[in-house]
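Got the viewer open? Let's go for a walk through this one, stop by stop, with something to select at each.

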Amino acid sequence: MPPAPPAHSASPQAVDPARLARIATLDWDALEAEIRSCRACRLCEKRKQAVPGVGDRRAQWLFVGEGPGAEEDQRGEPFVGAAGRLLDNMLAAIGLKRGEGVYIANAVKCRPPHNRTPEADEIAACLPFLERQIALLQPRLAVALGRPAAQALLGGEVRIGAARGRLHAHGELPVVVTYHPAYLLRNLADKAKAWEDLCLAQRALESRSGND
Ligand code: URA
């Protein structure tokens, strides 16, 4: 009998080189279609629909969340529930608006059952989609909202408390890590730190623009 794969490795289908090569060539519409029909990990089994992402396809800002919740699974758009309303307020606080210069995606595109945290192998299986979104979008800066998003963008284990407050990178793309809006709804005291992180992100983007 072949040895069992490690608990967190992506499925053979997810890492199939032909799949990865195909995803890396897709345009926006083909990418969304591929995401909607994806069966590369167990999250496809319970989803109502996959949630590819939403926003301005020429955006400078990319916000990456964890994964769709119940309302997102129902409506097919990221961050439309209570956490989404806080995210919209966070965007407004730095002069941004959903859909205008902003693209919003998630580390996993299908809802984890009971809103559990996505597993590392599920994040790995979905990563080629996020990579392709980044390649098509070419944002100036990404904000990782919460730990799964930070893990998708930075790789490995990340603790938000330790990683926030400074600039990271995903290849050439500057990344700021901050708390997930759903966490902030439960931990109001950390809102001030999220505000600092957004200001850091804004400064980083401005200085990138200034250097061009
Ligand atoms: N939380 C997320 O991380 N993403 C969503 O789309 C909704 C809630």
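**Stop 1: two helices crossing**

Select α5 (residues 120-137) and α6 (residues 147-154): the two pack at an angle of about 70°, with their axes 10 Å apart. That makes α5 roughly perpendicular to α6, a label for angles of 65 to 115 degrees, while under 35 counts as roughly parallel, over 145 as roughly antiparallel and the rest as oblique. Axes here are lines fitted to C-alpha atoms, for helices over the stretch in contact, and angles run from 0 to 180 degrees between N-to-C directions. Helices (H or I, at least four residues) and strands (E, at least two) are DSSP runs, numbered from the N terminus.

Before going on, keep in mind that this is a predicted model, where local features need pLDDT of at least 70, side-chain atom pairs count only at pLDDT 80 or more, and totals for chains, interfaces and linings use all residues. Residues are numbered from 1 along each chain as its sequence is written, and side-chain values use heavy atoms, with hydrogens and water left out.

Now show side chains at the crossing. On α5, pick Ile123, Leu127, Leu130 and Ile134; on α6, pick Pro148, Gln151, Ala152 and Leu153. These make the contact, meaning heavy atoms within 4.5 Å. By class it has 7 nonpolar, 1 polar and no charged residues; Ala, Val, Leu, Ile, Met, Phe, Trp, Tyr, Cys and Pro count as nonpolar, Asp, Glu, Lys and Arg as charged, and the others, Gly among them, as polar.

**Stop 2: around α6**

Stay on α6 and switch on a surface: 6 of its 8 residues are buried (under 20% relative accessible area; exposed is over 50%, partly exposed in between, with a 1.4 Å probe and protein chains only). The buried ones are Pro148, Ala149, Ala150, Gln151, Ala152 and Leu153. Colour what covers them, including β2 (61-65), α5, β4 (141-145) and β6 (173-178). Just after the helix comes Gly155, with a positive phi near 80°.

**Stop 3: the other side of the α5 story**

Add α2 (residues 28-36), which packs against α5 at about 165°, axes 11 Å apart. That makes α2 roughly antiparallel to α5. To see the contact, select Trp28, Leu31, Glu34 and Ile35 of α2 with Phe129, Arg132, Gln133, Leu136 and Leu137 of α5. This one has 6 nonpolar, 1 polar and 2 charged residues.

**Stop 4: into the core**

Which residues have the most contacts inside the largest nonpolar core? Select Trp61, Leu62, Phe63 and Leu153, out of 62 residues in that core. A nonpolar core is a set of buried Ala, Val, Leu, Ile, Met, Phe, Trp, Tyr and Cys residues joined through side-chain atoms within 4.5 Å. The largest share, 7 residues, comes from α5. Zoom on Leu62: beyond four places in sequence, its contacts include Tyr103, Ile134, Leu137 and Val143.

**Stop 5: loops with a twist**

Jump to Phe79, in the loop between α3 (70-75) and α4. Phe79 has a positive phi of about 50° although it is not a glycine, and it is buried at 6% relative accessible area. Next try Gln138, in the loop between α5 and β4, where phi is again positive, near 50°. Buried or exposed? At 61% relative accessibility, Gln138 counts as exposed.

Finish at His180, in the loop between β6 and α8 (181-186). His180 is buried at 13% relative accessibility, and its contacts beyond four places in sequence are Glu66, Phe79, Ala83, Leu145 and Gly146.
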